Amino acid sequence: MNRYFNEKSNYDKYPVVNVPGMEEECRVGWRAISDRLEKDLSQIGKKVKVVVLECYQGVSDEEVVTALQSAFPASRWFFSADAMKSPEQIDAILKQDITEDEIFGYMTRQNMDCYFDGDKLSGIRSEIAAVTEGIVFVYGVGAAYVQPSYDLLVYADMARWEIQMRFRRNEVSNVGISNREERASLQYKRAFFVDWRICDRFKKKLMKKWDYVLDTNTAGNPKMATAKAIEAGLEKASRTPFRVVPFFDPGPWGGQWMKEVCDLDREVPNFAWCFDCVPEENSLYLGFGDVRFELPSIDLVFAYPARLLGNPVYGRFGDEFPIRFDFLDTMEGGNLSLQVHPLTQYIQEKFGMHYTQDESYYMLDAAEDATVYLGVKEGIEPEEMIDALNEAQESGCFDAEKYVGRYPVKKHDHLLIPAGTIHCSGTNGMVLEISATPYIFTFKLWDWGRLGLDGRPRPINIKHGQEVIQWNRTESWVRKEIFNRIEPVAEGEGWREERTGLHENEFIETRRHWFTAPVLHRTDGSVNVLNLVEGREAIVESPTGGFEPFVVHYAETFIVPESVKEYTIRPYGESAGKQCATIKAFVKHNP
């Protein structure tokens, strides 16, 4: 029996950007992939034919190499790993970026060359050049750095979420070292601050050169698409509304709401998080006929940054997607950790990020006793509170309500959380977090004396936190500045528009539309990110027929590229004639 949702879930967990006419441009299974490569190689009139198979971090070398060596038994293989520095040398070079901190590193400025030993590199290049006939494969992370000339370039891409799952299963190592048995959180930190930055920089140089892209995100079910097909899919996504592939994860405070609304596995104890629009972490499915091809959605940002983001946003953030939507589910769960996020100057100086983790909580749902913690109580002495937090790490007791404001919340409240504001969602809330994209820079101050799902205490960051807490953000400030700052903007027949945030310190603007009739939206220079926060389903349409009608369902987040310019949203299907609502976020840039 459902407790939060009286109707059958219609949430789409596997959204696809369909790419018509490209069915023959994708091969499924190692046999079909090998046949396609063999056909291409047979048409190259050279004695030595070189295939560079460049890999993103996290690809299963065992699967790929075993399959292709079996298919091409007479081929010569060279591995980029054999030209790399020793693990000790790589660690020494990256030490300042990896850091000794358990969670935080520094966004590396290194490039692919940092992994490679000059003498080893010269040696392997000489060996490749000495081959006089046959097929040569150069494989691995940095393969195209080792061998910059080739006849075919195959790029084995990898979704960030799948890499994290492989870390948890002890299946893969970070680049240049053998650490698959290391704790997954430490592997993730190294990947986030170092490996993925380097791989992304190198990937961007190769995207216009690759012949094929290899999807091995599902073990044993490889797919290979031509550059033509990938380009067609990314180009289509850059000019039409779309969704990225959401992923869900349990947590020590997780709840039960998403199980019902998003139709998740009822046997899992809880689900805490859903990333429903974090393009750096989420995937994008391209549909080639019946085949669902998985790419990191950041590839779209790299391929069409101005078209997707808009020129003003691209000019400010470069090829980064600056808006994040995710879910935090505490329904029948626990409180989130009491936390604070760094100010812009602090995150720049300490972690190498050029903008910070400003946030907001939109209450997608709430029980009668739902609360949030925001700001500090009036008259608090900072030293006293910091001392109490430090003592709590030994005693296991912290009187949060003595120091932190606690407020009842209800469905559709919107709470603005500029960096430096102490906050957390209490139990029995369903939060749609609308925020700037940085997402791991959380300084936990108090975690209610509990353990993480791995049985270890979750790291507490009071030392960082005390440097950024804004002590003037007291109860009176919270009520005046960040609690339900909802203002009417416009209305018409069958619709009304409200500004709900964010705070003037934050670069994101949010607008809520209530509607029973079509509402016209304009992108006005910024990518739009929306969620259907009320209603079973709605339809997004182009006034000029510029894209196919796009149906969204309750609680689904979707992206409208800036290039769309104008679009309408109206109730649809089961919601026809009923009131719906969307919350929309975009980057403020007009004076």
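## Strand β8 and its neighbours

Strand β2 (residues 26–28) runs antiparallel to β8, and three bridges join the two strands. One pairing can be followed residue by residue: C26 has A225 as its bridge partner in β8. The model described here is a predicted one.

Strand β7 (residues 212–215) also runs antiparallel to β8, and four bridges connect them. Here Y212 has T226 as its bridge partner in β8. Strand β8 itself covers residues 223–226, and both of its faces are covered. On one side K223 and A225 are buried, and on the other side M224 and T226 are buried. A225 and T226 are therefore each under 20% relative accessible area, the cut-off for counting as buried.

## The seven-stranded sheet

Strands β2, β8 and β7 belong to an open sheet of seven strands. Reading across the sheet, the order is β2-β8-β7-β6-β3-β5-β4, and the pairing is mixed. Which strands stand at the edges? They are β2 and β4 (76–79), each with a single partner strand, so one side of each has no neighbour in the sheet. From one strand to the next, the twist averages 20°.

## Helix α7

Helix α7 takes in residues 184–206, a run of 23 residues. How far would a straight helix of 23 residues span? At 1.5 Å a residue it would span 33 Å, but the end C-alpha atoms of α7 are only 29 Å apart. The helix also has a kink of about 50°, centred on A191.

Is α7 largely enclosed or largely open? Of its 23 residues, 17 are buried, so α7 is largely enclosed by the rest of the structure.

## Helices α1 and α2

Two packed helices are described by the angle between their axes and the distance between the axes. Helix α1 (residues 30–42) and helix α2 (residues 61–71) have axes that come within 10 Å and cross at roughly 55°. That angle makes α1 oblique to α2. The crossing of α1 past α2 is right-handed.

## Strand β15 and its partners

Strand β15 (residues 359–366) is mostly covered, with eight of its eight residues buried. It pairs with strand β18 (residues 414–417) in the antiparallel sense, over four bridges. In this pairing, E359 of β15 has I417 as its bridge partner in β18.

Strand β20 (residues 429–436) is another partner of β15. These two strands run antiparallel and are joined by five bridges. One of the pairings is between Y361 and E433, which is the bridge partner in β20.

## Residue R479

Where is R479 placed? It lies in helix α17, which covers residues 475–481. Is R479 buried or exposed? Its relative accessible area is 52%, and exposed means over 50%, so R479 counts as exposed.

R479 and L415 are 64 residues apart along the chain, yet their C-alpha atoms are separated by 9.8 Å. L415 falls within the residue range of strand β18, 414–417, the strand that pairs with β15.

How values were computed
Residues numbered from 1 in each chain as written. Predicted model: local features only at pLDDT ≥ 70, side-chain atom pairs only at ≥ 80, totals over all residues. Heavy atoms only, no water. Expected span 1.5 Å × (residues − 1). Bend = angle between axes of the 7 residues up to and from the residue. Buried < 20%, exposed > 50% of the residue type's maximum accessible area, 1.4 Å probe, protein only. Pairing = 2+ DSSP bridges. Axes fitted to C-alpha atoms, helices over the stretch in contact; angles between N-to-C directions. Parallel < 35°, antiparallel > 145°, perpendicular 65-115°, else oblique. Left-handed = near helix turned anticlockwise from the far one by under 90°.
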